[in-house]
Amino acid sequence: MVKELISQVLENGLDGELDEELGYTRYDYRNKDTDNSRNGYSPKTVHTSFGDTEIDVPRDRKGEFEPQLIQKHQNTLTQDMESKIISMYAKGMSTGDIETHIKDLYGIEMSDSTISRITDKVLPLVKEWQARPLEAVYPVVFMDAIHFHVRSEGRIIKKAVYIAIGINMEGFKDVLGMWIGENESAKFWLTVMNDMKNRGIEDILIACVDGLTGFPNAIAAVFPKTELQQCIIHQIRNTTKFVSYKDIKLLMADLKRVYAAPNEESALFELDIFEDKWKSKYPKIS
């Protein structure tokens with residue numbers, strides 16, 4: 001998707017540059033105020049850190065067009081340029097912000113209309129990725145939400161991005177999706193589960209989640225056979241919430257022998273030792 005995104009951005013950017021130079025768009029040739037005109041495209045392979053990508057570079061009949069986004073004889077796109085192109089869309093920048101961004105970084109002039117044409121072409125690719133089919137079975141899926149602040153109608157508000165990262169049957173990680181909502185809730189996670197099921201997932205073997213209230217029920221409603229593995233960090237936080245400061249270091253050293261044990265049998269043995277030592281002071285932990 002990233003390679004296709006880069007290709008679309010470059011091609012539309014180059015088309016926009018030629019529009020500005022000739023003074024008319026591709027389909028508005030009757031209203032042009034120049035004796036020069038478009039003269040098709042030349043294929044070009046651009047090397048990126050994501051792999052080689054093919055682009056079509058527009059030509060003018062007089063050969064006077066000097067592209068700035070990808071200059072003549074340039075066939076390598078710098079990693080810095082790639083990241084900036086992607087970040088502009090990821091951060092939801094306005095066309096004016098993007099125009100200033102590109103000009104400050106690379107000295108390239110791009111009009112608002114050119115940038116709008118780029119974004120109009122890229123957005124369908126993002127929507128297609130969001131709705132793409134998923135595999136039938138994922139052995140492990142990590143699910144969590146990231147909270148961030150955004151400006152909305154002149155106010156700063158908090159949003160949550162719900163993220164599901166799956167490990168497929170070949171052992172590769174895949175971002176299954178990202179969904180934007182309000183504060184994290186089990187109700188919204190149920191919507192996420194249904195969306196993943198509608199996109200082809202039939203079963204998740206193990207779901208790795210935090211301790212959000214109602215989260216297990218949301219998973220069970222859609223994938224009833226899925227086993228849950230709670231985040232060890234959340235378990236530790238809940239365990240040590242009421243431990244005295246003077247005991248915390250010793251207690252954590254003993255507790256680590258439980259959650260870092262090589263197998264279940266060893267963990268249960270260490271848990272018994274932990275209980276004998278700490279049950280008088282903190283009976284609920286074990």
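This section describes the confidence, helix packing, selected residue environments and cysteines of a predicted model.

The protein chain has a mean pLDDT of 83, and 84% of its residues score at least 70. Confidence varies along the chain: among its elements, strand 6 (residues 203-209) has the highest mean pLDDT, 96, and helix 2 (residues 79-90) the lowest, 60. Where pLDDT is low, the predicted coordinates should not be read in detail.

Nine helices and seven strands make up the secondary structure of the protein chain. The chain contains 286 residues, of which 35% count as buried. Contacts between residues at least 6 apart in sequence were also examined, and 52% of these join residues at least 24 apart.

Three helix pairs are described here in sequence order. Helix 5 (residues 186-198) packs on helix 6 (residues 215-222) at an angle of about 25 degrees, and their axes are 9 Å apart. Because angles under 35 degrees count as roughly parallel, helix 5 and helix 6 are assigned to that class. The crossing of helix 5 with helix 6 is right-handed. On the helix 5 side the contact is made by Ala186, Trp189, Leu190, Met193, Asn194 and Lys197, and on the helix 6 side by Phe215, Ala218, Ile219, Ala221 and Val222.

Helix 7 (residues 232-240) and helix 8 (residues 248-259) have axes that come within 12 Å and cross at roughly 140 degrees. An angle must be over 145 degrees to count as roughly antiparallel, and helix 7 and helix 8 are therefore classed as oblique to each other. Their crossing is right-handed. Helix 7 contributes Ile232, Ile236, Thr239 and Thr240 to the contact, where these residues meet Ile248, Leu251, Met252, Leu255 and Tyr259 of helix 8.

Helix 8 also packs against helix 9 (residues 264-278), with axes that come within 7 Å and cross at roughly 155 degrees. Helix 8 and helix 9 are therefore roughly antiparallel. In this pair, Leu250, Leu251, Asp254, Leu255, Arg257 and Val258 of helix 8 meet Ala267, Glu270, Leu271, Phe274, Lys277 and Trp278 of helix 9. Leu251 and Leu255 of helix 8 thus appear both in the contact with helix 7 and in the contact with helix 9.

Individual residues were then considered. Valine 192 lies in helix 5 and counts as buried, because its relative accessibility is 1%. When neighbours within four places in sequence are left aside, valine 192 is in contact with Tyr162 and Trp179. The C-alpha atoms of valine 192 and alanine 218 are 9.3 Å apart, although the two residues are separated by 26 residues in sequence. Alanine 218 is itself one of the helix 6 residues in the contact with helix 5.

Aspartate 247 is located in the loop between helix 7 and helix 8. With a relative accessibility of 8%, aspartate 247 is also classed as buried. Its contacts, leaving aside neighbours within four places in sequence, are with Trp278, Lys281 and Tyr282. One of these, Trp278, also belongs to the helix 9 side of the contact with helix 8. Aspartate 247 and lysine 281 are 34 residues apart in sequence, with a C-alpha to C-alpha separation of 10.0 Å.

Isoleucine 165 is placed in strand 4 (residues 155-167). At 29% relative accessibility, isoleucine 165 is partly exposed. Not counting residues up to four places away in sequence, isoleucine 165 touches Val140, Val141 and Phe142, together with Lys173, Asp174, Val175 and Leu176. Between isoleucine 165 and tyrosine 138, 27 residues apart in sequence, the C-alpha to C-alpha distance is 9.9 Å.

Finally, the cysteines were examined for disulfides. The count of disulfides is zero. Cysteine 208 is in no disulfide, and the nearest cysteine sulfur, that of cysteine 231, is 9.0 Å away. A disulfide requires two cysteine sulfur atoms within 2.5 Å, and the separation between cysteine 231 and cysteine 208 is therefore too far for a bond. Cysteine 208 counts as buried, with a relative accessibility of 11%, whereas cysteine 231 is partly exposed, at 26% relative accessible area. Cysteine 208 falls within the residue range of strand 6, the element with the highest mean pLDDT.

Note on methods. Residues numbered from 1 in each chain as written. Predicted model: local features only at pLDDT ≥ 70, side-chain atom pairs only at ≥ 80, totals over all residues. Heavy atoms only, no water. Buried < 20%, exposed > 50% of the residue type's maximum accessible area, 1.4 Å probe, protein only. pLDDT = per-residue confidence, 0-100. Helix = DSSP H or I, 4+ residues; strand = E, 2+ residues; numbered from the N terminus. Axes fitted to C-alpha atoms, helices over the stretch in contact; angles between N-to-C directions. Parallel < 35°, antiparallel > 145°, perpendicular 65-115°, else oblique. Left-handed = near helix turned anticlockwise from the far one by under 90°. Contact = heavy atoms within 4.5 Å.
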